[in-house]
Amino acid sequence: MTTGFAAIPASGSYVLRNARAPACLVEAGSLASDRDGLALLDIIVEDGVIGSILPAGTPALDAAPALDLDGGIALPRLVDVHTHLDKGHIWPRRPNPDGSFMGALSAVAADREANWSAGDVRARMEFGLRCAYAHGTAAIRTHLDSLGKQIEISWPVYAELRAEWAGRIALQASPLFGVDAVTDPAHMQAITRAVTTYGDNLLGAVTYMVPELDAALDTLFRTAIEHGFDLDFHVDEANDPAARSLEHIADAALRHRFQGKILAGHCCSLSLQAPQDEARIIAKVREAGIAVVSLPMCNMYLQDRQRGRTPRWRGVTALHELKAAGVPVMIASDNTRDPFYAYGDLDLVETLREGTRILQLDHSDRDWAKAIAATPAEVMRLPGTGRLAAGGPADLILTRARDWTEFFARPQADRTVLVNGRAIDRSLPDYRELDHLMSRSA
C-alpha cells in the first residue's frame, strides 16, 4: 500500500499546519499570498470535511493532533474535463503508424471495429479510472465514440461505471462523432436516446469545415435546447488557419441565444490566425459564453508532425489571449496510451506541469491552477469541487514542494491524496492486467 509521504493523524479531527495553497482555489475570505499566489494556511479537518481554513500559526489550534507540512503545497483534488476513457490503453495492440492525426483516426477506427466489446471497453475504462484516482483526480468528463453499434455497447458500460465510482470520481460523458453525421436523423435519434437514457445532459460532436457545418450546428443547438443539454465540442484540431469552426459555433450559440454551457476543446488553429481574425473570433467566443480547454500534451504530440522534419509549432490554442479576454480556460489530459497520444496516465499534476512548460503559463498570471480545478468544476456543474472551503470535503493532494519551481521540477511521485480526510492507497494498476486484451485483433 502506497500513501505518500504524509503521516496523517489517526484522529478523526486534526490540523494540517503550514500548508501552502493557491489562493485562487481557497474560499476563506481575503488571504495574503506570496509572489507565486500561494497562501500559508492551517486547514482543520473534522470527520472527513474541512472544518475551517485559517492563517498559519493560529494559536487556538495548538492542542489538536496535527501534521506540519512545512510549507508544502496542498491542492484540492483536481478536475479533468476532457478525456477519452474508452480509447485508453489500446496502444500495444494498435499503435499509430506514423504519429499523425490521420494515422490516429484510422488506427482507432480499426481497433474499435475489431475489439471494442463491452468487456474490453469496461476493463480499459476502469484501468484509467484507477490511475486517475490514485493521482488525485476528483472528477472526469470523458468523450465516448458514438457511431453505429458502439452507441449501444459503450453507453451502458459508462453508466455502470459512473454508478460504481460515485463517491470516488464524479463522471460525465459526452458523445463523440463527426459533425457530418448530424445530417442522419436515425443517428441523431440514437444519440439523443443514449444521452437521455445513460448520459449526463451533455451533447457533443467533432466540428470541422464541411458544407453542412452550419446546418448541423443548428440541429445540435436545437436538440440541446429541446432536451436541456449542455454542449461539448472537439474544435479545429488542425494546423490550417482556414479551420474556423470555433467561430461558427460562436455564431450558432448567439443565433440560438443558447443559455446552457458550451465547452470547446483543442481550438488549435486559433493560434495560427491573423491577429485581427484571432481577436474577432475570441470576442465572439466571449460573447457566446464558450469556455475553452487546451490539451497541451496530446496536441504537441500530434500537431505539425512530419517525418524527418523538426516541428515548428506547439499545436496549442491561444490560451493566454482567450483568458485575457475573459474566456474561461482550462487544460486537461485528453488521450492516454492510444493512437492519439502514446503516453500519459490521467495525472493532472503532470498535465499542469507539462502544460506550464508547453503553454508558458509561468511568468504570467498567478491563478493558472484554476485551469485544472475550479474552472472545469464550474463547467461540469460540480459545486464544491476543485476548491478548498470550510464545509467542503477534505479532499486534497499534499506535496513536499514549497513553491511552484519545486512543484514543477519533480513529478511529485510521493504526493499524498486525501479523500474525506483519509489517505488513499496510491498504488497504480499494473499494465500487465490488460495483457489479455492486447492479444486481440490488431
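What share of the 442 residues in the protein is buried? Buried residues make up 57% of them, and this is a predicted model.

**Figure 1. The whole protein, with its 13 helices and 18 strands.**
Start here to get your bearings. Along the principal axes, the C-alpha atoms fill a box of roughly 70 × 55 × 50 Å. A compact globule of 442 residues would have a radius of gyration near 22 Å, and the protein's own 22 Å agrees with that. Take the contacts between residues at least 6 apart in sequence: 80% of these join residues at least 24 apart. The accessible surface adds up to about 17300 Å², and carbon and sulfur atoms account for 50% of it. As for charge, there are 45 positive and 57 negative side chains, yet the centres of the two sets sit just 2 Å apart.

**Figure 2. Helix H5, residues 213-227, and what it packs against.**
How far apart should the ends of H5 be? With 15 residues at 1.5 Å each, the helix should span 21 Å, and its end C-alpha atoms are indeed 21 Å apart. Its buried residues are Leu213, Ala216, Leu217, Asp218, Leu220, Phe221, Thr223 and Ala224. Look around them and you'll find two helices, H4 (185-198) and H6 (245-255), along with strands E10 (202-207), E11 (230-235) and E12 (262-266), and the buried residues of H5 pack against these elements. Just past the end of H5 comes Gly228, with a positive phi of about 75°.

**Figure 3. Asp236, in the loop between E11 and H6.**
E11 and H6 were both in the previous view, as elements that the buried residues of H5 pack against. In the loop that runs between E11 and H6, Asp236 has a positive phi of about 50°, although it is not a glycine. Is Asp236 buried or exposed? Its relative accessibility is 5%, and the cut-off for buried is under 20%, so Asp236 counts as buried.

**Figure 4. His89, a residue other than glycine with a positive phi.**
Which loop holds His89? Find strand E7 (78-83) and helix H1 (101-115), and His89 is in the loop between them. Its phi is near 70°. With a relative accessible area of 2%, His89 is buried.

**Figure 5. Helix H2, residues 118-135, and the glycine just after it.**
H2 has 18 residues and reaches 26 Å from its first C-alpha to its last, close to the 26 Å expected at 1.5 Å a residue. Quite a list of residues is buried here: Asp120, Val121, Arg124, Met125, Phe127, Gly128, Leu129, Cys131, Ala132, Tyr133, Ala134 and His135. So what comes just after H2? That's Gly136, and it takes a positive phi of about 115°.

**Figure 6. Arg353 in helix H10 and its contacts.**
Arg353 belongs to H10, which covers residues 348-359. It may carry one of the charges a newcomer looks for on the outside, but at 15% relative accessibility Arg353 counts as buried. Setting aside neighbours within four places in sequence, which residues is Arg353 in contact with? They are Phe408, Ala409, Arg410 and Pro411. Thr405 is another landmark for this view: it is 52 residues from Arg353 along the chain, while the two C-alpha atoms are separated by 10.0 Å.

Methods. Residues numbered from 1 in each chain as written. Heavy atoms only, no water. Helix = DSSP H or I, 4+ residues; strand = E, 2+ residues; numbered from the N terminus. Rg over C-alpha atoms; globule rule 2.2 N^0.38 Å. Buried < 20%, exposed > 50% of the residue type's maximum accessible area, 1.4 Å probe, protein only. Contact = heavy atoms within 4.5 Å. Areas by Shrake-Rupley, 256 points an atom, 1.4 Å probe, with all protein chains shown as cover. Lys, Arg positive; Asp, Glu negative; His and termini not counted. Charge placed at Lys NZ, Arg CZ, Asp CG, Glu CD. Expected span 1.5 Å × (residues − 1).
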